[in-house]
Structure formats: C-alpha cells, structure tokens
Amino acid sequence: MTALQKKIDFVGFITVERANPNGDPLSGNQPRTDYDNYGEISDVCLKRKIRNRLQDMGETIFVQSSDRADDGCDSLKTRCEKVLGKDPQKKMGRKDFEQAACKAWLDVRAFGQLFAFKAGKGSDDEGNTDGVSIGVRGPVSIHTAVSVDPINASSMQITKSVNGEPTKDGKKSSDTMGMKHRVDFGVYKMQGSINVQLAEKTGLSEEDAEHIKNALVTLFENDVSSARPEGSVEMTEFYWIVHPNKSGKVSSAKIHRSVKAKKKDGVSRARELADYEFDDSELNSVDGLKIEHYREGELVS
C-alpha cells in the first residue's frame, strides 16, 4: 500500500432532525449539551460510527461493538490473542507488537489503541498475572462535534403495554412508563485531521485514508435505531482537504475555521436545513490545497 505523504484535514456538517444523535447516560440519555445548550456529539461516538462503517465496507476492525462482532470474539483480549497469539505483549516485545497490531487492524493504525490486558495465570516463573500495557498513538484525530446554534430538545413519555413477565393471575400488569428524548432540529460541525508523521509510525496508507473518507461521507448509513430513525441524521456537507506536503500549507485550526455555517438573515430559529447557509470561500482562498466537497453523500466539486 502507498504510504501517506500529505497532511489531511476534514470538516463536516451533520444535520439532525427529530432524533437523538448522542445521548448522555448521566442525564437520562437526553441529547448531549454543554452549559450554553449547544448540542454535542462526542468524538468517541463519531469514532464508533466510523468503525461501524469501515466494518460494513469489509475492513478488519479491532474495537467492534458486541452486537456487530464478525469474528466470534467476545472481548478485545480474545480478539487480540486470536490474531497475535497468547500474551502477545510479553512474548513479542513492544515494537514488534505495535507493528503487528497496526498491520492487523485498520482502526488501530488510524485511531491508535491502548492494549492493557492481564497476562494468563502463571505466565511467568513467579506466577505474575499482570500484563504489559502498550499504547499505540494514532494519526487520525477527531474533535467533539458541536451544534452551530443552541439546540431545542424535546421529550415525550412512552409506555410499554405488554407484560414483560408472566403474572400470577394471567392478567395484564400495569403499564411501564419511560421517556424518549430528541433534538427537534440542529446542524452540528465536526472536524478532524490526519497527521503524516504519526501515520508513518502506524503504517496508515493512502488507501486507508480513502476508506476513512468514504466512511465519513456515509457516516450515518446503516445506523438506524429508535433514537435515530432512517434519514433523521445525515452528513450533509463534507470537506476533505489534502495539503501539498507533510506539515500542511496552513494550520489545521485555520482550515477548520475557514468553513462556516450560519443562519440566514431574518431567521431567528432554524427549523430546517434551508434556514442555513454554508460559506467555504475562505477555504478556497488557500493556494495549494486539494479540496473534495461532498453534499448529501455526492461529490459536488
């Protein structure tokens, strides 16, 4: 595979309509917000969806969701030992282990991974069962996605009207009450980068970067749930920016700031995508960049 030679930045705008893009378990699974009521989608959530899309595309993924495991492994340690052998951190040595793990799994060479497993019982002469922790630092970094404007979240009470367990008298038990939360409408900005120097260490290639791009463009395909009905969350605008060299034409911070979204004049509260306008003129003014612009999954420029 061709080694990655040029720095990459990316910026995307995620449209959410009557859905919960990322629930907060510490707040009854309500949509994540900061103290100013701007909506958030955590970087961990975004990486999970990228991994899922890569897995859909046939790529080999280390951190798989339990309900999507495709190799019969029930834990990360089981998966690691299935591919690399028993107690590979101790037997292979740190450098050889890092290289083997990066070669085996795309998400490891992209996002990095901390391998911290206990060794098998009686694994050394002294009966020490402590493992050796090895960390791989990945070249792909992703920010928490934040809504362009404060969001309006609404909640509805739901009921379960069927018995979960048999009753003694065979009659219907009392309804079980619950809550369901959603964002009425919001546009979230996500952004990230791929560092060439770290890519050289993990072996992330041009082909790997292309797979990650395709995953981001189609991020919410095959992601349907009761909280996110089909079509309710979409990567609406996406920019893939390739610099002419390893270090970058300008800083990632400047690239990320150069693409903006704002409500159109006269719109007090955005209720649909048409209430927003997107401005990439500052990005296009930077010489030497190769820019791919996708809208609703289709390449437009």
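**Entry 1: helix H1**

I began with helix H1, residues 43–56, and asked whether its length fits its residue count: at 1.5 Å a residue, its 14 residues should span 20 Å, and because I found the end C-alpha atoms 20 Å apart, the two values agree. I keep in mind that this is a predicted model.

Next I looked up how much of H1 is covered, and I found that ten of its 14 residues are buried. Among them I noted Cys45, Leu46, Ile50 and Leu54, and my list of buried residues also includes the charged-sounding names Lys47, Lys49, Arg51 and Arg53. I also wrote down a general point about helices, that an α-helix has 3.6 residues a turn, so residues three or four places apart point the same way. After the helix I came to Gly58, which follows H1 and has a positive phi, near 90°.

**Entry 2: confidence**

I then checked how far the predictor trusts the chain, and I read an average pLDDT of 92, with 94% of the residues scoring at least 70. One stretch calls for care, since over residues 122–129 the pLDDT is below 50, although this stretch has eleven contacts in the model beyond near neighbours in sequence.

**Entry 3: Asp223**

Is Asp223 buried or exposed? I found its relative accessibility to be 12%, and because the cut-off for buried is under 20%, Asp223 counts as buried. I located Asp223 in the loop between helix H7 (206–217) and strand E11 (233–242).

Leaving out residues up to four places away in sequence, I found that Asp223 touches Lys49 and Arg228. Lys49 took me back to my first entry, where it stands among the buried residues of H1. With Arg228 there is a polar contact, made between the two side chains at 2.9 Å.

**Entry 4: cavities**

I searched the whole structure for enclosed space and found two cavities of 30 Å³ or more, the largest of which has a volume of about 60 Å³. Which residues line the largest cavity? I met Asp223 and Arg228 again here, together with Phe220, Val224, Pro229, Glu230, Gly231, Ser232 and Val233.

**Entry 5: the largest pocket**

Last, I turned to the largest pocket, which holds about 260 Å³ of space. I counted 17 residues in its lining, and those that lie nearest its centre are Asn152, Phe185, Arg269, Ala270 and Arg271. Strand E1 (8–19), strand E8 (145–150) and strand E10 (176–194) each supply at least two residues of this lining, and E10 gives the most, with five residues.

Conventions: Residues are numbered from 1 along each chain as its sequence is written. This is a predicted model: local features need pLDDT of at least 70, side-chain atom pairs count only at pLDDT 80 or more; totals for chains, interfaces and linings use all residues. Side-chain values use heavy atoms; hydrogens and water are left out. Helices (H or I, at least four residues) and strands (E, at least two) are DSSP runs, numbered from the N terminus. Buried means under 20% relative accessible area, exposed over 50%, partly exposed in between (1.4 Å probe, protein chains only). A polar contact is a pair of N or O atoms within 3.5 Å; within protein, one must be able to donate a hydrogen and the other to accept it, and residues adjacent in sequence count only if both atoms are side-chain atoms. Contact means heavy atoms within 4.5 Å. pLDDT is the predictor's confidence in each residue, from 0 to 100. The expected span of a helix is 1.5 Å times one less than its number of residues. On a 1 Å grid over the protein atoms alone, a cavity is a set of points where a 1.4 Å probe fits but cannot get out, and a pocket is an open set with protein on both sides within 12 Å along at least five of seven lines; lining residues have an atom within 4 Å of a point. Grid points are joined across faces, edges and corners, and a volume is the space filled by probe spheres set on the points.
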